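Subject: Structure handover

Hello,

Here is the structure we talked about, with the sequence. My notes on what turned up in it come after.

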Amino acid sequence: VALMFNTIIMGSIFVFADKNNIDSEDKILLTDLGIINNKEVEACRENAVTRGDFAVFAARILGVQTDKNTEKVRYFKDVEPNSSIAPYINVLYRNGIVTGTDKAEFRPFDDIVPSDAATIMCRIADYHKAYTGEKLSNEVRKLTGGNSSDKLYIDAAIRLIYDALMIPMVQQEFGSGYTTYKIDKEYTVLYHYFNVYKVDGFLDGADGFSIDGIELSDNKATVDGIQYETKLNLGKYIGYDVLAYVKDKNKGDINEIVSVIPYAGGNNVTQINVSDLTGKVSSDLIIGYYDNKTERTKRIGLSKDSIIIKNGELVANNLSDAFDEKQGIITVIKSSNHTVVKIDVYDSVFVSSVSERDKIIYAKNGKKLELNREDVKRARVFLPDGNSGSISDIEKGMLLTVFRSKEFIDIYTLSEAVSGTLTAKDEKQIVIDNKKYDIEPSYVNELLNKVKLNDDITVYLNEDELIFEQSPIIQNDSTLVPFRAIFENLDMVV
């Protein structure tokens, strides 16, 4: 079996809101706020988090976003003024967040222990001003979560910082000759430093599209009908119950969504490749499909008031017509109060040449992706590392997966193709020509649907391809086909 990876199984395009295949809520928020970035996180995975690493994360909460030290001040003997971490450590020192050792050392390359990290976060919340002794120690212990080890690894560090952002900020009130402190649970560390609060609800509009028919520009989104500004591409989360982090703007301005996390437990999400459908959608709104993971045929029922979105537009409740496509992904989202069916049709292009003058991308299979000036304005290019790119980043030899909607043309790129004979496969790894390749579990269904290890026998009934729990076989030059799938597709009871 010749196998070629396409972008449909790469990147983060089909990573949705179930707890098994999405980044954790804490990591998403800290990344969106600029406290951490993916490069730093991956670098920290090789070893425990150092005191210098954590100082950088903590100082960003105070607003430091540079590695250039313009002061040339040296507070600690072991922190060079010209080093990239010096500005962060210096800000923490000037704000009384860190003090170093009695030898005027910070020890930036030593592993940080959980209690020290929690102490830094409690000081950022000004707890050291309101509490002393055992009371302060108790607050530190709460943040460590009982972790008394001598190392702090990156996932635990991210969770600790996230938990610290959710605690109340100590507020000072100054009187005549005295200072008092108060705690308001609604006034969190997150709100104090970032002016951000939490909103949970149903994401009913984004990327120029609204389920309720509200006219939206592509930099707006709606949660439970309330409109917000956003710089995020949130179209993939339409139909989900979400937790949105919203920046409180000045009075009169629309508040801005700065981070969105779909509720892992609140959304029952099923993704189906169009090629996995076992027939037309039945009149009682039942979708039959082949599940590669269990290697069984499954069914999913829909309510008559289901919201159906195809390529970013609402369609009528004629599900059979909506599914009449060769390539596409069907996502069924059942949240607390809604059932949303999203159909995203895609086209696959292997780039053989690119014309810079007229923006035509030619493919080996005779297809071409022609983009006029308006198309170029609507095009959003996503690179293999998940970052945004441009049309100029598309090169000969790339694999493209192209999604078109009313508002956008989304082009996902993959810079390397692999072909050969597939000799083994499981949910985490495949073997092609005796070479092993790791693959993300969330993408493996598409891959396993496209290839078979035995003779590739395809059976059609009324022009629809059938999927079998037990694959057909060739024996003594005769093709033997299990009859159950045939009868079931003829609406017979077996």
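**Strand E8 and its neighbours**

Glu 229 has Glu 256, in E8, as its bridge partner. This is a predicted model, so please read everything that follows as computed from it. Strand E6 (residues 226-230) runs parallel to E8, and the two pair over two bridges. Strand E7 (residues 241-247) pairs with E8 in the antiparallel sense, over six bridges. Among the partners there, Tyr 245 is matched with Ser 259 in E8. Strand E8 itself (residues 256-262) is mostly covered, with seven of its seven residues buried.

**Salt bridges**

A search of the whole structure gives 18 salt bridges. Side chains of opposite charge can pair when their charged atoms come close.

One of the bridges involves the strands above: Glu 229 and Lys 249 meet through their side chains at 3.2 Å, N to O. Glu 229 is in strand E6 and Lys 249 in the loop between E7 and E8, so this pair ties together parts that are 20 residues apart in sequence. Glu 229 counts as partly exposed because its relative accessibility is 27%, and Lys 249 is also listed at 27%, partly exposed. Glu 229, Lys 231, Lys 249 and Glu 256 are linked in a salt-bridge network.

Another bridge joins Arg 380 to Asp 207, where the closest N and O atoms are 3.3 Å apart. Arg 380 lies in strand E18 (residues 379-382), and Asp 207 is in the loop between strand E3 (196-206) and strand E4 (209-210), so the bridge ties together parts that are 173 residues apart in sequence. Are the two partners buried or exposed? Arg 380 has a relative accessibility of 15% and counts as buried, since the cut-off is under 20%. Asp 207, at 11%, is buried as well.

A further bridge is formed by the side chains of Asp 126 and Lys 129, at 3.7 Å from N to O. Here Asp 126 is buried at 13% relative accessibility, whereas Lys 129 is partly exposed at 38%. Asp 126 also has Tyr 181 in its surroundings: the two are 55 residues apart in sequence and 9.8 Å apart in space, C-alpha to C-alpha. Tyr 181 belongs to strand E2 (residues 179-188) and is partly exposed, with 37% relative accessibility.

**Aromatic rings**

The structure holds nine aromatic pairs. In one of them, the rings of Phe 76 and Tyr 93 have centres 5.4 Å apart and planes at 80 degrees, so the pair is edge-to-face. Phe 76 is in the loop between helix H3 (51-61) and H4, while Tyr 93 is in helix H4, so the pair ties together parts that are 17 residues apart in sequence. Phe 76 is buried, at 2% relative accessible area, and Tyr 93 is partly exposed, at 34%.

Phe 76 also pairs with Phe 106, and this pair is tilted: 5.5 Å between the centres and 50 degrees between the planes. The link spans distant parts of the chain, with Phe 76 in the loop between H3 and H4 and Phe 106 in the loop between H4 and H5, 30 residues apart. Phe 106 is buried, with a relative accessible area of 2%. Ring pairs connect Tyr 75, Phe 76, Tyr 93 and Phe 106 into a cluster.

Charges sit over rings in two places worth listing. The charged end of Arg 51 is over the ring of Phe 106, 4.8 Å from its centre. Lys 135 lies over the face of Tyr 131, 5.1 Å from the ring centre.

**Positive phi and a surface patch**

Ala 104 is not a glycine, yet its phi is positive, about 60 degrees. Ala 104 is placed in the loop between helix H4 (86-94) and helix H5 (114-124), and is partly exposed at 33% relative accessibility. Asp 491 likewise has a positive phi, near 60 degrees, in a residue other than glycine. Asp 491 lies in the segment after helix H13 (484-489) and is exposed, with a relative accessible area of 74%.

Leu 490 is found in that segment after H13 too, and is partly exposed at 42%. Together with Phe 483, Phe 487, Met 492 and Val 494, Leu 490 forms a nonpolar surface patch of about 460 Å² of accessible area.

Regards

Key. Residues numbered from 1 in each chain as written. Predicted model: local features only at pLDDT ≥ 70, side-chain atom pairs only at ≥ 80, totals over all residues. Heavy atoms only, no water. Helix = DSSP H or I, 4+ residues; strand = E, 2+ residues; numbered from the N terminus. Buried < 20%, exposed > 50% of the residue type's maximum accessible area, 1.4 Å probe, protein only. Phe/Tyr/Trp six-rings, centres within 6.5 Å; stacked < 30°, edge-to-face > 60°. Lys NZ or Arg CZ within 6 Å of the ring centre and 35° of its normal. Patch = residues over 30% accessible without salt bridge, like charges linked within 9 Å, V, L, I, M, F, W, Y side chains within 5 Å. Areas by Shrake-Rupley, 256 points an atom, 1.4 Å probe, with all protein chains shown as cover. Salt bridge = Lys/Arg side-chain N within 4 Å of Asp/Glu carboxyl O. Pairing = 2+ DSSP bridges.
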